[in-house]
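Visitor: I would love a close look at the aromatic pairs in this structure. Could you walk me through them and show me where they sit in the chain?

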Amino acid sequence: NSSIDWIGWYSAIRIDSTDKPQIAYSSLNAGNIRFAIHDGSTWHLDDVSTGGGAKKHIQLALSVADVPHICYFDDGGDGLGYATYSGSGWVVDHDITSSDLTYANNQRGTYCDIEVDQFGRPHISFDYNSTDNLGYMVLNGSSWEGWQVSTMGQILFTSLELDSAERPYISFQSKTGDDDLY
């Protein structure tokens with residue numbers, strides 16, 4: 001039904017250092033990402049990104065200072081999107097890329113995950129080239145550094161964790177071997 005807004009799809013939740021829940025979610029038909037935080041008595045809602053196609057597979061991470069960082073798939077442009085709160089508003093890029101990676105087509109980020117290191121830098125695992133490759137990027141200043149992790153094909157459902165030395169660990173499913181890999 002196209003009249004239904006499909007609010008709450010692709011939601012992600014994190015609990016901040018003061019035990020307050022923070023949630024990022026999609027308002028699918030409107031093409032919006034919304035953000036909600038509960039202050040202990042009231043929910044506060046904010047529009048992160050509006051319009052331009054459905055925002056899917058939203059993931060949320062918090063920095064040590066509880067700053068939210070979001071990665072998502074922007075279905076309107078087939079791009080990997082990233083958003084963070086600057087203290088006064090949301091900074092959004094609907095199509096992040098790294099010059100270190102070769103893109104055969106525009107589709108990237110259908111399945112992504114995000115973590116933030118102790119220095120506040122976001123790390124993102126994602127599929128690209130229509131799920132053929134697994135990539136990993138880190139925001140270093142104003143540009144994204146990238147690495148190709150796997151070329152197994154049909155990469156799905158990436159999951160990213162950083163260890164205490166900020167080394168990335170990525171698990172994912174590849175439908176070519178029908179396995180979960182690490």
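**Aromatic pairs in an all-round view**

Guide: Happily! Please keep in mind that this is a predicted model. Some context on burial comes before the rings: 45% of the chain's 182 residues count as buried.

The setting is made of strands: the chain has 15 of them and zero helices. Its radius of gyration is 16 Å, which agrees with the value near 16 Å that a compact globule of 182 residues would have. Along the principal axes, the C-alpha trace spans about 45 × 45 × 30 Å. If you take the contacts between residues at least 6 apart in sequence, 36% of them join residues at least 24 apart.

Now to the rings themselves. Searching the whole structure turns up seven aromatic pairs. One of them is formed by Tyr103 and Tyr128, an edge-to-face pair with 5.6 Å from centre to centre and 70 degrees between the planes. Tyr103 belongs to the loop between β8 (90-93) and β9 (108-116), while Tyr128 belongs to strand β10 (residues 122-128), so this pair ties together parts that are 25 residues apart in sequence. The surroundings of the two partners are worth checking too. Tyr103 has 23% relative accessibility and therefore counts as partly exposed, whereas Tyr128, at 0%, counts as buried.

Next, please turn to Tyr136 and Trp147. Their ring centres are 5.5 Å apart and their planes meet at 35 degrees, so the pair is classed as tilted. Here both partners sit in strands: Tyr136 in β11 (residues 133-140) and Trp147 in β12 (residues 143-150), so the pair ties together parts 11 residues apart in sequence. Tyr136 is buried, with a relative accessible area of 7%. Trp147, by contrast, reaches 39% relative accessibility and counts as partly exposed.

There is also a group to find on your display: Phe35, Tyr85 and Trp90 form one aromatic cluster.

To finish, step back to the surface and the charges. The chain exposes about 8,800 Å², and carbon and sulfur atoms supply 47% of that area. It carries 9 positive and 25 negative charges, and the mean positions of these two sets are 2 Å apart.

Note on methods:
Residues are numbered from 1 along each chain as its sequence is written. This is a predicted model: local features need pLDDT of at least 70, side-chain atom pairs count only at pLDDT 80 or more; totals for chains, interfaces and linings use all residues. Side-chain values use heavy atoms; hydrogens and water are left out. Helices (H or I, at least four residues) and strands (E, at least two) are DSSP runs, numbered from the N terminus. The radius of gyration is taken over C-alpha atoms; the globule rule is 2.2 Å times the number of residues to the power 0.38. Buried means under 20% relative accessible area, exposed over 50%, partly exposed in between (1.4 Å probe, protein chains only). Contact means heavy atoms within 4.5 Å. Accessible areas come from the Shrake-Rupley method with a 1.4 Å probe; for residues, only the protein chains shown count as cover. Lys and Arg count as positive and Asp and Glu as negative; His and the chain ends are not counted. The place of a charge is taken as NZ of Lys, CZ of Arg, CG of Asp or CD of Glu. Rings of Phe, Tyr and Trp (its six-membered ring) pair if their centres lie within 6.5 Å; planes under 30 degrees apart count as stacked, over 60 as edge-to-face and the rest as tilted.
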